[in-house]
Structure formats: structure tokens, C-alpha cells
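Have the sequence and the 3D view ready, and let's read them together. We will take it one step at a time.

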Amino acid sequence: MKLTNRSKVVSNKEMTFMEKLYLPEIFKGMAITLRHAIEGPKGKVYAYPEVKKPISKVWRGQHVLKLDEEGRERCTACGLCAVACPAEAITMTSAERTKEEKHLYREEKYASVYEINMLRCIFCGMCEEACPKSAIYMTERLVDVQTNRGSFIYGKDKLVEKINERIDITARQSELQKKAVK
């Protein structure tokens, strides 16, 4: 049974003397490299630190856990984002809200620990689609450069947006998400 039409017939023919030398192929590769060096870059070139390349509208960057209008976390620790994540990059621990924490969390249950391993994350956006409370979104921000692996595990300290620095995600929201938030 054939699953695809991409199969190739492999031959075990003996290599010629010139093929064994590899020199013609090396010279062909060097000629291509020289041609590219002489012609220069094709397309638009950006001087990166000073001029940033425009980002696509569908770019999926760093995650953010959104707050509602009153400054409470939207996440209810349902775990759907963690289940939907194909890379298993999201881990969370749920806890019960106390009476003193009523101003911090919307529901009785909340995520006491919410972590995303950014080295595992493949930025697919499945967590964003799975969230029933519209709590997690992917922004246009780039993930920061780090020097050790441990600092790529983002906790709530890096994921929850600041109340005075709200992140506009209306361009990323679907119509269903816009209705759910209201």
C-alpha cells in the first residue's frame, strides 16, 4: 500500500572518478557563493537595531494573561490551554480563592501557578483558541533573549499584564472572543 506519491527509486550505481573527487561540485558551490557576493542582497534590507522589519498581522509572539476591566485575572485554571498545547509547554496548579482574594480573581478557582516553557512553545496559538474565558493571548512582542535555560520558564510574574500597562489585543480577537469578553 502506497501512502504518498513522493517515493524515489534509489540506484546503487558506482561513482565515477570525477564524482569521487568532489572537486567539480566544490567549484560549483564556490561559484554560486561568489555570484551572490557580487550581486548583493535581493529584496529590501533593514539595518536591524535602528530600523525594525514590519511584523505581519498574524504574528504570534510572547503570551500574555489578560485582566478584566476591574483588574482581576480572567484565568480560571480550567486547564484547556495546557491540554490543547501540542508541545506540552504549559503547566498550571489551581487553587481556591479566599474571601480576601475576591478582588484579585473573577472565579472561585484560579491558577496559583501558571508557567509556560518558552523553549518548548512552538507558538501555534492553540492555547489562545482553547481558552473559554479569553484569558491568554499571543502578542506581537518578541520573547526576550536569555543566557540560561531556567529563565525561559515564564511564570505569572512575566505573563500577567500590568494594570497600568494594558496590552491591546482587539486585532487578534475573533468575533466569538469579542462577544465572550463583553
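What follows is a short tour of one sheet and one threonine in this predicted model.

**The sheet**

Strands of a sheet pair through backbone hydrogen bonds, and this can happen in a parallel or an antiparallel way. Here, 3 strands form an open sheet in the order 2-3-5, and the pairing is antiparallel. Which strands stand at the edges? They are strand 2 (90-96) and strand 5 (153-154); each has a single partner strand, so one side of each is left without a neighbour in the sheet.

The table lists the two pairings, with one residue pair for each.

| Strands | Bridges | A residue pair |
|---|---|---|
| 2 and 3, antiparallel | 7 bridges | Thr93 opposite Val113 |
| 3 (residues 109-117) and 5, antiparallel | 2 bridges | Asn117 with Ile153 |

**A closer look at Thr139**

Now find Thr139, which lies in the loop between strand 4 (136-138) and strand 5. Is Thr139 buried or exposed? Its relative accessibility is 1%, and buried means under 20%, so Thr139 counts as buried.

Which residues does Thr139 touch, leaving aside those up to four places away in sequence? They are Trp59, Arg60, Gly61, Gln62, Val64 and Ile167. Two of these names are worth finding in your viewer. For Gln62, the backbone oxygen is reached by the side chain of Thr139 at 2.8 Å. Val64 is 75 residues from Thr139 along the chain, yet the C-alpha atoms of Val64 and Thr139 are separated by 6.9 Å.

Notes
Residues numbered from 1 in each chain as written. Predicted model: local features only at pLDDT ≥ 70, side-chain atom pairs only at ≥ 80, totals over all residues. Heavy atoms only, no water. Pairing = 2+ DSSP bridges. Helix = DSSP H or I, 4+ residues; strand = E, 2+ residues; numbered from the N terminus. Buried < 20%, exposed > 50% of the residue type's maximum accessible area, 1.4 Å probe, protein only. Contact = heavy atoms within 4.5 Å. Polar contact = N/O pair within 3.5 Å; in protein donor to acceptor, adjacent residues only side chain to side chain.
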